[in-house]
Amino acid sequence: MILQGENILKQYHHKGETINALDHVSFKVNKGDFVTVTGPSGSGKSTLLLALFGLIRLTSGNIIFDGKRIDNIGDRQLTDIRKKSIGYILQSFALIPYLTTIQNVMIPLALEKIPGKEQAKRAREILDYVGLSDRMEHLPRELSAGQQQRIAIARSIIHRPQIIMADEPTGNLDPTLSLEILEFLKKINRENKITIIMVTHSSVAAGYGTMKLHLNEGKIVTSGN
Ligand SMILES: Nc1ncnc2c1ncn2[C@@H]1O[C@H](COP(=O)(O)OP(=O)(O)OP(=O)(O)O)[C@@H](O)[C@H]1O
Ligand SMILES: [Mg+2]
């Protein structure tokens with residue numbers, strides 16, 4: 001098991017009202033699972049990813065990652081775990097507009113203070129893997145949406161994380177490009193045994209899950225393989 005949530009409660013307080021964005025959620029993820037998280041808008045999917053990624057604190061409950069509790073540790077330690085072990089992919093790609101393809105991909109290694117030569121070597125390997133060796137010096141705006149998302153994926157795996165969290169990674173892509181990205185995520189999942197947790201609205205994307213979590217009003221209503 002790589003990730004476990006135990007009785008996760010996340011409340012937001014808004015104008016005197018309490019919202020249970022996550023309402024006592026429990027689940028277990030095994031290493032190598034491709035987890036899909038589905039549910040209606042407002043059901044708590046993004047909140048779940050943010051909580052697992054340590055970007056928001058729980059109201060109560062535990063998160064155990066790789067055998068250690070991460071819900072009650074300090075910000076510095078959490079940042080270290082994030083930098084080392086987790087990759088993140090967003091719907092909007094979140095590339096830095098004034099950096100080239102290769103510079104964007106090297107960011108996680110720069111954060112880990114890996115020597116420049118090694119950064120460039122690994123970035124070239126990963127860009128070859130995602131089929132973008134011929135676009136290394138382009139800026140994001142000079143690339144197609146699918147290419148930009150492949151760069152975001154390259155950036156999310158370059159530091160060899162144990163787990164990738166993706167919030168609607170195909171939300172801004174047409175059906176053909178979506179399939180390309182989903183196949184790519186499947187390949188990363190299979191070949192590198194990287195666990196993937198993917199939030200999606202698309203039933204096609206949800207079909208890629210080897211484990212499925214369905215949320216409604218902050219509760220897990222179905223889970224299984
Ligand atoms: N910072 C916040 N302050 C107050 N309420 C919040 C905050 N963030 C989220 N919520 C509420 O928590 C609930 C869950 O939100 P969340 O973003 O997790 O939904 P979601 O399932 O990702 O929806 P979508 O499919 O639309 O992205 C919603 O009712 C939302 O309004
Ligand atoms: Mg969301």
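These exercises work through the ligand site, the empty spaces and an aromatic pair in a predicted model.

Local features need pLDDT of at least 70 and side-chain atom pairs count only at pLDDT 80 or more, while totals for chains, interfaces and linings use all residues. Residues are numbered from 1 along each chain as its sequence is written, chains are lettered from A and ligands numbered from 1 in the order in which they are written, and side-chain values use heavy atoms, with hydrogens and water left out.

**Exercise 1. The ligand site**

Task: Find which residues are around ligand 1, and which of them make polar contacts with an oxygen atom of ligand 1.

Solution:
1. Collect the shell (a residue counts if one of its heavy atoms lies within 4 Å of the molecule). It holds Tyr 12, Ala 21, Glu 168 and His 201, together with Pro 40, Ser 41, Gly 42, Ser 43, Gly 44, Lys 45, Ser 46 and Thr 47.
2. Sort by class. Three residues are nonpolar, seven polar and two charged. Here Ala, Val, Leu, Ile, Met, Phe, Trp, Tyr, Cys and Pro are nonpolar, Asp, Glu, Lys and Arg charged, and the others, Gly among them, polar.
3. Assign elements (DSSP runs numbered from the N terminus: helices are H or I with at least four residues, strands E with at least two). Helix α1 (residues 45–52) gives the largest share, three residues.
4. Look for polar contacts (a pair of N or O atoms within 3.5 Å). A polar backbone atom of Gly 42 is 2.8 Å from a ligand oxygen. For an N or O atom in the side chain of Thr 47, the distance to a ligand oxygen is 2.5 Å. For His 201, again a side-chain N or O atom, it is 3.0 Å.
5. Check the cover. The protein covers 62% of the 630 Å² of accessible area that ligand 1 has on its own (Shrake-Rupley method, 1.4 Å probe).

**Exercise 2. Empty space**

Task: Describe the largest cavity and the largest pocket by volume and lining.

Solution:
1. Set the rule. Work on a 1 Å grid over the protein atoms alone. A cavity is a set of points where a 1.4 Å probe fits but cannot get out. A pocket is an open set with protein on both sides within 12 Å along at least five of seven lines. Lining residues have an atom within 4 Å of a point. Volume is the space filled by probe spheres set on the points, which are joined across faces, edges and corners.
2. Count cavities. There is one of 30 Å³ or more. The largest cavity has a volume of about 50 Å³.
3. Read the cavity lining. It includes Ala 51, Ile 56, Arg 57 and Asp 71. Six lining residues are nonpolar, one polar and two charged.
4. Turn to the largest pocket, with a volume of about 380 Å³. Of its 18 lining residues, Phe 53, Ile 86, Tyr 88, Pro 108 and Leu 111 are the closest to its centre.
5. Find the main contributor. Strand β6 gives the largest share of this lining, five residues.

**Exercise 3. An aromatic pair**

Task: How is the pair of Phe 53 and Tyr 88 arranged?

Solution:
1. Search for pairs (Phe, Tyr or six-membered Trp rings with centres within 6.5 Å). The whole structure has two.
2. Classify the pair (planes under 30 degrees apart are stacked, over 60 edge-to-face, the rest tilted). The Phe 53 and Tyr 88 rings have centres 4.3 Å apart and planes at 20 degrees, so the pair is stacked.
3. Place the partners. Phe 53 is in the loop between α1 and β4 (60–65), and Tyr 88 is in strand β6, 35 residues apart.

Technical notes:
Polar contact = N/O pair within 3.5 Å; in protein donor to acceptor, adjacent residues only side chain to side chain.
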